[in-house]
Structure formats: structure tokens, C-alpha cells
Amino acid sequence: MFRTTTSSVLASSTRMLRQPLMAPSTSATSFMARYKNAAAASATTRMFSISTANNNKSPSTTTPRHPRVLVTGSLGQLGSGLVKELRRMYGNDNVVASDIRKASDEFMATGPFVYADVMNYSMLERIVVDWRIDWVVHYSALLSAVAEKNPTLALSVNINGFQNMLELAKVHRLRLYSPSTIGAFGPSTPKDNTPDLTIMRPNTIYGITKLHNELMGEYYREKFGVDFRSARYPGILSADTAPGGGTTDYAVDIFHHAIRHGHYDCFLSKDTRLPMMYLSDCIKGTVEHLTYPTPLPQTVYNLAAVSFTPEELANEIKKHLPNFTISYPDPARPDFRQAIADSWPGSLDDSKARKDFGWKEEYGLENMVKLMLDKIQAQVNAEKKAVHSDDPSTATMAA
Ligand SMILES: NC(=O)c1ccc[n+]([C@@H]2O[C@H](COP(=O)([O-])OP(=O)(O)OC[C@H]3O[C@@H](n4cnc5c(N)ncnc54)[C@H](O)[C@@H]3O)[C@@H](O)[C@H]2O)c1
Ligand SMILES: C[C@@H](O)[C@H](N)C(=O)O
């Protein structure tokens, strides 16, 4: 549960004395008008300025510096790639990675990593203060399938964890990027080319928590001026990092099984169409959105790249691996994830993201499938090589 600490009360009351709380307004335009000047003066895509204290009566100066970014849930499917990209842009020490799991030696070598349980407000606040954080990318969450198995924990991590971050963003004037998902839509949402603004009645615990967060973020943006940004990601495909327990995980698992075993038992029906995206596109879109210099007209945007069914994906894989086979569940006994997938859109209209911050994907079905197969094949080859070099008989033979 998020808590209001002494320091947060002090920080917010001091700010209220300096800067009266703005009257709530209902339109994005009013938010933009209020923040236009401040944002234009302070934020650029790569650097922003900090004021230098004017102790010696010399004219005050501003020093451009990179933002310091905290990424929560950074060891998940999406986090490590984003951390890598942000560190490339801003320098290793300006990006603090965090999670509740142990990081690999390789990851630890790339920059700061701290333990951060998003359900613990004081722990998060300490990190924000100690590291003088400016922006947060909040990736900690339980995904759809895991959440459906453990709704109580999903409510805590997805709602309370997010609320902690949102409150910290208000108190410490942070920019907060926290993704939503196609799971925030529901069975009554129009299925094809689903727009940003439409019927949203999700019936999964994951979707309910994510829609709640969209609305809370929008509320904090309007009421308290928090620079909250969010995009509804589709299912993300990646070869280097494993998916964390979602309904779209089949679209990653299928490649590993195709290469290692030549066969995949799919848990979704062959005609389940879902929006998907390759990881590097997701990172690109996230960075473009996160770094956009001025507040955008919408708080939450659909982000899309490609839509396909398991059968269409399997057919594309077969073009490279002609002997690959796939089987689907008995329609009379569907997997529990089928109902989740059936409640989501088949394709998204992301024209607003394309127009407002220039979003454009690089990967469609064909080049994504080729890249996934190449990368996973390379991993399998490397594993085989490692097994052989560890094998004492191989070592003796080599000697
Ligand atoms: N991967 C996708 O296909 C996809 C699609 C749409 C939206 N998203 C969203 O993107 C974000 C990142 O997703 P992901 O795929 O990397 O998820 P993931 O499950 O792979 O990673 C989530 C991370 O959160 C961490 N975590 C769990 N409980 C925590 C806690 N109490 N405190 C701190 N960290 C905790 C986990 O250890 C894990 O490393 C999530 O918000 C997710 O809803 C992902
Ligand atoms: C779509 C998404 O949010 C995630 N990949 C899930 O299936 O849960």
C-alpha cells in the first residue's frame, strides 16, 4: 500500500507554498498550456538544463545535463533492453536499474543496480532521493497469465506499486513513464483497428489494474501536473530475454521450440489474432515517447506494429524451417489463456502516436521472424559449443 511519509508531506507542502496547486482541469490542452513554458525551457530530447546557484552575484547559469533515470522491474523481458539503450544515450551512471531479483554478473557490470520492491514507498523514495532521479520508467508488474493465477498479488504489485511511483512523481516532480497494454481493453471493445478512445471494460485482473493505472495517471496529470506518459503495448517478441508470463508468450516460445524440437504445442487456437511488436521497436517507441520534449496531447497512446494469428506465424516460420509442425488445443478444452486472448483486440489504431511523436515500427512479420530465428539459432549454437568445451573428453581430445 502506498504511504504518505513525513518527507513527502514536507516536500509537497513546501512546494505548495512556493507554487500554488493548480485548479483541476479536464482537457489535455489545459495541461499543455500550463506546462508549455516550463517544458520548453527545461526538456530536450537528450539533455535538460539545471539552474546553478547564484551565490556570488554573478548571473545565474544553466548547465545542460542528462536526466537521471530509474527503471523498475529492469530484469524483466523489456527492462534490460531499455536500460541498455538509456545507458547508451545518457551514460551508465545516469540510469539506475532495479528489481527484486538478483542480476547477472554481466548486467551488474553495465551500471548501477539496486534492490527496489515497488510495494515499499520509503525504499523507492530513498532511491529517488539518493540518486537524485528525474525520470522513472516503471516496468514492475505481473503479466496477464501470472496475474490471473494470483489476483491478490497482482492487485498489490500492479496497483499499489504503481500508486507508490505516481505519488513519488508528484512529490519529487518526476517524469513517469509506465506502460499499459492491449489487456486494458475488454470483450466489448471493438476488435479491429481499435482506437485510443473506446469502450474499455477489461475482464482480467491484469487489464483492470492497467486501466486503473491509466486513469490514475491521467488524474495526477490533470490535478497535480505530474508528467505521466503511457503507451498500450501489444505483445512483445524478443530473442534475448524470456517473456514474463503473459498470454502473448506463445509468440516467443514458438521460436525456441521450432529450432530445438521442430514442433510446438500452441496454447492458443490457430485463428487467435493479436497485435504484436519486436522488442527493439518497443524500446524505440518508448524512448521516443519518454524523451519527447513537451507534453503530448494525450496521456495514453496505442502503440502497434503488426497483427497475426498463431497459424500465420507458424506459416512464416515454415518458410525457413519447412519441417516445423504445430498443434493447437482441443476446442472443447481450451487453455485458460484463450479466454484472455479472446477478450483483447486483434489490431490497434495507433495513428495518434504516429502523428504526435513520430512513432514508426521497423519490424513486420517477415523480417521479425527471420531475426528471431537467426538469433535463437545463434544461441543454440553457442550453447552446444559451450557444452563441448566443458566436456572433459572433448578437452582431452582437443589437447
Ligand atoms: N512483455 C509484453 O509483451 C508486454 C506487453 C504489454 C505491456 N507490458 C508491460 O511492460 C512492463 C514490463 O513488462 P515485462 O514483459 O518486462 O514484464 P516481466 O514480467 O518480464 O518483468 C517484470 C519485472 O517486475 C519485477 N517485479 C515483480 N514484482 C516486483 C516488485 N514487487 N517490485 C519490483 N519489481 C517487481 C519482476 O522481478 C520482473 O523482473 C509491464 O508493465 C507490462 O505490463 C509488457
Ligand atoms: C500483452 C501483454 O500485456 C502481455 N504480453 C501479456 O500477455 O500479458
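**Exercise 1. Describe the shell around ligand 1 in this predicted model by residue class, and say which residues and elements contribute to it.**

Solution. Begin with the classes: the shell around ligand 1 divides into 14 nonpolar, twelve polar and three charged residues. Next, turn to the individual residues, of which 29 surround ligand 1, the closest being G73, G76, S140, Y233 and G244. Finally, look for the elements that give two or more residues to this shell, and these are α7 and β10, the latter covering 235–237.

**Exercise 2. Find which residues lie around ligand 2, and sort them by class.**

Solution. The residues around ligand 2 are L143, S144, T181, I182, G183, Y206, G235, G246, T247 and T248. Sorted by class, this shell has three nonpolar and seven polar residues, and no charged residues.

**Exercise 3. Determine how helices α7 and α8 are oriented to each other, and which residues bring them into contact.**

Solution. First locate the two helices: α7 spans residues 151–171 and α8 spans residues 205–224, and their axes come within 10 Å and cross at roughly 15 degrees. Angles under 35 degrees count as roughly parallel, and α7 and α8 are therefore roughly parallel to each other. The handedness of this crossing of α7 and α8 is right-handed. For the contact itself, α7 supplies P151, A154, L155, N158, I159, F162, Q163, L166 and K170, which meet I205, Y206, T209, K210, H212, N213, M216, G217, Y220 and F224 of α8. Taken by class, the residues of the contact of α7 with α8 are eleven nonpolar, six polar and two charged.

**Exercise 4. Work out the relation of helix α5 to α7.**

Solution. Helix α5 runs over residues 121–130, and it packs against α7 at an angle of about 40 degrees, with the axes 10 Å apart. With this angle in hand, α5 and α7 are therefore oblique to each other, and their crossing is right-handed. On the side of α5 the contact involves Y121, L124, E125 and V128, while on the side of α7 it involves N164, M165 and L168. Sorting the contact of α5 with α7 by class gives five nonpolar residues, one polar and one charged.

**Exercise 5. Establish how α9 and α11 pack, and what classes of residue make their contact.**

Solution. Helix α9 comprises residues 250–261 and helix α11 comprises residues 310–318, and the two pack at an angle of about 30 degrees with their axes 11 Å apart. This angle makes α9 roughly parallel to α11, and the crossing of α9 and α11 is right-handed. The contact is formed by Y250, A251, I254 and A258 from α9, together with P310, L313 and I317 from α11. By class, the contact of α9 with α11 has seven nonpolar residues, no polar ones and no charged ones.

**Exercise 6. State what the UniProt record lists for residues 69–303, and describe that stretch of the chain.**

Solution. In an unreviewed entry, UniProt lists residues 69–303 under "domain: NAD-dependent epimerase/dehydratase". Over these residues, 69–303, the chain is 42% helix and 18% strand. As a last step, compare the two ends of the stretch, whose C-alpha atoms are 22 Å apart.

How values were computed: Residues numbered from 1 in each chain as written. Chains lettered and ligands numbered in written order. Predicted model: local features only at pLDDT ≥ 70, side-chain atom pairs only at ≥ 80, totals over all residues. Axes fitted to C-alpha atoms, helices over the stretch in contact; angles between N-to-C directions. Helix = DSSP H or I, 4+ residues; strand = E, 2+ residues; numbered from the N terminus. Parallel < 35°, antiparallel > 145°, perpendicular 65-115°, else oblique. Left-handed = near helix turned anticlockwise from the far one by under 90°. Contact = placed C-beta atoms within 7 Å. Nonpolar A, V, L, I, M, F, W, Y, C, P; charged D, E, K, R; others polar. UniProt positions renumbered as here; feature names shortened; annotations may be inferred. Near = placed C-beta within 6 Å.
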